[in-house]
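Good morning, everyone, and thank you for making the time. I would like to walk you slowly through one structure, so please have it open in front of you while I talk.

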2 protein chains.
Amino acid sequence: MATINDVARLANVSVATVSRVIGNTNRVKPETRSRVIEAIKTLNYQPNILARQLRRKETKSIIVVVPGITNSFFSNVLLGIETIASKYEYQVLLGDTQNDQSKGYAYLDLLKQKQVDGVISLTARMKREYLEEISNQYPVVLACEYLEGSNVPTVAIDNIRCAEKLTQHLINLRHKRIAFLSGPMEIILNRDRLKGFYNSMIIHGMEVDSSLVAEGDFTMESGYQLTKKLLTLERPPTAIFAANDEMAIGSIKAIKCIGWKVPKDVAVVGFDDIKMASIFEPSLTTIAQPASLIGIRAMETLLDLMNQESYVRRSTILKGDLVIRESCGATMI
Amino acid sequence: MATINDVARLANVSVATVSRVIGNTNRVKPETRSRVIEAIKTLNYQPNILARQLRRKETKSIIVVVPGITNSFFSNVLLGIETIASKYEYQVLLGDTQNDQSKGYAYLDLLKQKQVDGVISLTARMKREYLEEISNQYPVVLACEYLEGSNVPTVAIDNIRCAEKLTQHLINLRHKRIAFLSGPMEIILNRDRLKGFYNSMIIHGMEVDSSLVAEGDFTMESGYQLTKKLLTLERPPTAIFAANDEMAIGSIKAIKCIGWKVPKDVAVVGFDDIKMASIFEPSLTTIAQPASLIGIRAMETLLDLMNQESYVRRSTILKGDLVIRESCGATMI
DNA sequence: CTGAAAGCGCTAACAA
DNA sequence: TTGTTAGCGCTTTCAG
């Protein structure tokens, strides 16, 4: 493997000069420059990035921590991140935690080990103290999920307002008995969605039957099981608000399973607008997050953090859109 | 940021000793060791991995190039890769090309730049010469897709045989007019599936009506459009073999769209067994690739390549399984 | 415009 | 068991 020394020797210049033409930072006489380029070509030279990074003390790369790459929602966020990152010549690494907390810590450690300059985490499911400590020393931004009452820079939608909007929609459709299929209560996103649900109900003077609020784990399977139970109630719900699309689909499956129709017998709405939401039948009424924009804003925030000593911590709240499809029954009217 | 020097000074030892306790390679007197550990703790020291990698000339990390992370099939392959990688303490990076060739090259360049020790590519959609050249100099293994007639180590299923099996299944179900919804012809995987289709048809002395073979691009949309056209034929097909699940789902949507039923009026089968295949209604009969096993074998092969000077190039062919669900009509019988 | 030289933080001979 | 020291390959002053 050719090194910068080999190139220098062949081109009859010093390594400094070679370095200059590589980074075309300083002016080099056109003649020498072409001699160097020639040498680079004949030797098939590629600079060792590791050495450069060590010397420069920056890697020009960031890592995005994702709780599960399967989720198409995240890939759109990623798209937004990459758009901005590539514009500023940052490399984007991907770390999948597969919902395993400990893996998340390992990715954050890359910061300490100087393997990345910053991280964007699409999950906040880590020990609060740890996340905050790291965030005080290194550039970290949270996207989609956030840490309650902390000042870690965050980009997310307003889950409370979105849930209110969605609940409102169901209420407008004359539903009185609305169930809420919750995700894990320790996840703030989920608590926000539940809160929005309550807010809307209360505003309209509607009672929330606590037997209609069931906690699952964001999986299709849990949506299915929970719904099965709800349907055996003496007074089953006429509408179901699932805390995410996966659960909503599981829910619809359960409803179909006992021979009922969606949305005729029970309306169902989800949250996130994953790819399957539009493909599944009936298609899902849900809240679409501006995924790609979230990514863009997150990366911009991270760039700020990385480029200035004074950590200006700022967070961004974006709005989500109500997407009306078949599962809520609005289109039947 | 504390360096190894700071630790050494604080612990009153040489940097070599600190290095020894970090890598706990050489024996260090328990007493000194604990003194060093103490120092590491108080300084909150983390070794600079970049420096280590530069010195050792290895990064202990590999990159997996994926054509699109959204595809759940890939995340299972990834799971297999990570299982083995973590056992051997390799870090796994993820590079998403989003079906953009040029991005693939950029990831391969990480090898030359010494940023990764090896790559597993889940796509072979790159210039053949380039891929082969790289593979001659660095550890590269192809998984799922392969390069025709090349000796780049590969782990994949036998697409031809699987397609034969699937076609056979349709023939057993008494179908005579079977259409083939093809992906892009330049993709070898697709050509293999088509070949398997022809093989089975010919073996059973069945004619392949060339007007029933249509080329799309592996997307749901193309499956939809192509099927729409097929259904307007004077003698529409009674069964459709889609080259992948996405197209199969698009196809079913088109069939439902004109009011026909699947599988009653037209049977449809796909290929890959993506997550949606089991969730969609009707659920899809398809070929399930042993995704996680492919990942495991690929990583094992890569480890071999990385650990021995003599590149023993070996490829592995695994078998895919026919998964019979609703869309083919077999369960109705 | 170019070169000499220091050094990023670490590991691994080699010596003691 | 421990220390000394020479680099890994590059960038970046500082001189010239």
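Let me begin with a question: which atom of DNA strand D does a polar side-chain atom of Tyr45(A) lie 2.5 Å from? The partner is a phosphate oxygen of that strand, and the pair falls under what I will call a polar contact, meaning two N or O atoms within 3.5 Å, where within protein one must be able to donate a hydrogen and the other to accept it, and residues adjacent in sequence count only if both atoms are side-chain atoms.

Before going further, a word on where this comes from: this is a predicted model, in which local features need pLDDT of at least 70 and side-chain atom pairs count only at pLDDT 80 or more, while totals for chains, interfaces and linings use all residues. Residues are numbered from 1 along each chain as its sequence is written, chains are lettered from A and ligands numbered from 1 in the order in which they are written, and side-chain values use heavy atoms, with hydrogens and water left out.

Staying with DNA strand D, Ile4(A) also reaches a phosphate oxygen, with a backbone N or O atom at 2.3 Å, whereas Ala51(A) places a backbone N or O atom 3.3 Å from a base nitrogen. Around this strand there are 25 residues, and the closest include Arg55(A), Arg20(B) and Thr32(B); here a residue is near a strand if one of its heavy atoms lies within 4 Å of it. Of the strand D atoms that come within 4 Å of the protein, sugar and phosphate account for 62%. The element that gives the most to this surface is α4(A), with four residues, where helices (H or I, at least four residues) and strands (E, at least two) are DSSP runs numbered from the N terminus.

Let us turn to DNA strand C, which has 24 residues around it, with Arg20(A), Thr32(A), Ile4(B), Tyr45(B) and Arg55(B) coming nearest. For this strand, sugar and phosphate make up 64% of the atoms that come within 4 Å of the protein. A polar side-chain atom of Arg20(A) lies 2.4 Å from a base oxygen, while polar side-chain atoms of Thr17(A) and Ser19(B) lie 2.6 Å and 2.8 Å from a phosphate oxygen of the strand. Here the largest share of the surface, four residues, comes from α4(B).

How do the two protein chains meet? The contact, which means heavy atoms within 4.5 Å, takes 44 residues from chain A and 44 from chain B. The area buried between them is about 3900 Å², with carbon and sulfur atoms giving 56% of that value; buried area is the accessible area (1.4 Å probe) that two parts lose on being put together, summed over both. Across this interface there are eight salt bridges, each being a side-chain nitrogen of Lys or Arg within 4 Å of a carboxyl oxygen of Asp or Glu, and one of them joins Lys256(B) to Glu281(A) at 2.4 Å, N to O.

Finally, a single residue in chain B: Val213(B) lies in strand β7, residues 213-215. Leaving aside neighbours within four places in sequence, Val213(B) is in contact with Phe180(B), Leu194(B), Tyr198(B) and Val208(B). Val213(B) counts as partly exposed because its relative accessibility is 22%, given that buried means under 20% relative accessible area, exposed over 50% and partly exposed in between (1.4 Å probe, protein chains only).
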